[in-house]
Amino acid sequence: MELRHTPAATAAPADAVTGSAWITSLATPEGASRTQVDRVHFAPGARTRWHRHPLGQVLVVTEGMGHVQSRGAPAQLIRPGDTVRVAPGEWHWHGATDTTPLTHLAIEELPADGTETELGSFPEPGELPVATRALVLEQHLPEPRVIDHFEIRRISIAPGGGTGLHVHNGPVFGSIEKGSAVYQIEGEPPMLLTRGDVFYEPEATRIARFDAQGEGVTFVAHFPAGPGETPRLDTVTT
């Protein structure tokens with residue numbers, strides 16, 4: 001067993017990436033193993049050339065947002081938790097969006113005969129996505145509800161702070177802008193929400209935890225409300 005503490009990142013080769021990107025080598029082929037694992041961080045707007053791997057590649061998104069595209073297919077938005085499996089010999093590119101950074105793990109088997117990744121051209125402007133749309137939440141309410149107005153609030157909770165056990169008098173839909181929080185509906189397993197994640201707090205349901213983690217959390221919450229109704233959070237003491 002070998003333990004390595006936070007390997008140093010190096011700049012990605014300029015002939016392989018447009019913009020700024022950094023590579024951290026996490027595992028290299030050794031002995032019978034031909035597995036290579038890198039952590040790649042792209043600054044906003046940075047992306048790879050078109051390229052293909054002899055034995056394919058797996059990308060696991062850990063932070064930020066980006067795009068991946070296979071030749072002949074539209075570009076797709078990728079975000080934390082997404083996994084992309086690239087087939088052997090499949091031409092593709094990947095990188096950050098124009099406004100957000102992207103970090104992913106890149107996992108691949110290297111051929112025993114030393115065949116290297118083949119590089120093509122950088123994506124042309126017409127190949128880059130002008131706009132992308134992704135369904136991040138589809139939630140049906142337990143019963144029909146009359147809605148005549150919405151309130152949208154940006155809420156920040158300091159590191160270690162939380163809302164405590166509470167209920168809302170209407171449904172709440174939210175998305176994390178920065179930081180992270182542990183969210184838990186009473187009686188269900190807790191989940192960690194990070195940047196880009198969305199959540200739903202059902203009406204009149206006991207929310208056991210919404211606890212900011214070490215860096216605090218900022219999120220945007222959407223409160224649909226009925227005639228004469230003001231969205232409200234009620235603390236539960238028992």
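## Burial and overall form

A residue counts as buried when its relative accessible area is under 20%, and as exposed when that area is over 50%. By this criterion, buried residues account for 37% of the 238 residues in the chain. The model is a predicted one.

The chain contains 20 strands and 0 helices. Its radius of gyration is 22 Å, well over the 18 Å that the globule rule gives for 238 residues, so the chain is more spread out than a compact globule. Taken along the principal axes, the box filled by the C-alpha atoms is roughly 70 × 45 × 30 Å.

## Contacts, surface and charge

Of the contacts between residues at least 6 apart in sequence, 72% join residues at least 24 apart. The chain exposes about 13500 Å², and carbon and sulfur atoms supply 54% of that area. The chain carries 18 positive and 29 negative charges, and the mean positions of these two sets are 3 Å apart.

## Nonpolar cores

In soluble globular proteins, nonpolar side chains tend to be buried together. Here the largest nonpolar core comprises 16 residues, and those with the most contacts inside it are Val-17, Ala-21, Phe-42, Ile-78, Val-84 and Leu-102. The elements that give two or more residues to this core are β4 (35-42), β7 (57-64), β10 (83-86) and β12 (102-109). Another core, of 15 residues, lies apart from the largest one; among its members are Ile-185, Phe-199, Ile-207 and Phe-210.

Ile-78 offers a view of the surroundings within the largest core. With neighbours within four places in sequence left aside, Ile-78 is in contact with Val-61, Gly-64, Met-65, Gly-66, His-67, Val-68, Val-84 and Leu-102. Two of these partners, Val-84 and Leu-102, are also listed with Ile-78 among the residues with the most contacts inside the core.

## The loop at Arg-79

Arg-79 lies in the loop between β9 (76-78) and β10. Leaving aside neighbours within four places in sequence, Arg-79 is in contact with Val-61, Gly-64, Met-65, Gly-196 and Asp-197. Val-61, Gly-64 and Met-65 are likewise contacts of Ile-78. The C-alpha atoms of Arg-79 and Ala-21 are 17 Å apart in space, with their positions 58 residues apart in sequence.

## Loop residues Pro-13 and Ala-204

Pro-13 is placed in the loop between β1 (9-11) and β2 (17-18). Pro-13 is partly exposed because its relative accessible area, 44%, falls between the 20% and 50% cut-offs. From Pro-13 to Ile-23 the separation is 10 residues in sequence and 9.4 Å in space, C-alpha to C-alpha.

Ala-204 is found in the loop between β18 (198-201) and β19 (207-225). The relative accessible area of Ala-204 is 61%, so this residue is exposed. Its backbone is notable for a phi near 55 degrees, a positive value in a residue other than glycine.

## Glu-215 in strand β19

Glu-215 is located in strand β19. At a relative accessible area of 53%, Glu-215 is over the 50% cut-off and is therefore exposed. Not counting residues up to four places away in sequence, Glu-215 touches Pro-159, Gly-179 and Ser-180. Glu-215 and Pro-74 are 141 residues apart in sequence, and their C-alpha atoms are 36 Å apart in space.

Terms used: Residues are numbered from 1 along each chain as its sequence is written. This is a predicted model: local features need pLDDT of at least 70, side-chain atom pairs count only at pLDDT 80 or more; totals for chains, interfaces and linings use all residues. Side-chain values use heavy atoms; hydrogens and water are left out. Helices (H or I, at least four residues) and strands (E, at least two) are DSSP runs, numbered from the N terminus. The radius of gyration is taken over C-alpha atoms; the globule rule is 2.2 Å times the number of residues to the power 0.38. Buried means under 20% relative accessible area, exposed over 50%, partly exposed in between (1.4 Å probe, protein chains only). Contact means heavy atoms within 4.5 Å. Accessible areas come from the Shrake-Rupley method with a 1.4 Å probe; for residues, only the protein chains shown count as cover. Lys and Arg count as positive and Asp and Glu as negative; His and the chain ends are not counted. The place of a charge is taken as NZ of Lys, CZ of Arg, CG of Asp or CD of Glu. A nonpolar core is a set of buried Ala, Val, Leu, Ile, Met, Phe, Trp, Tyr and Cys residues joined through side-chain atoms within 4.5 Å.
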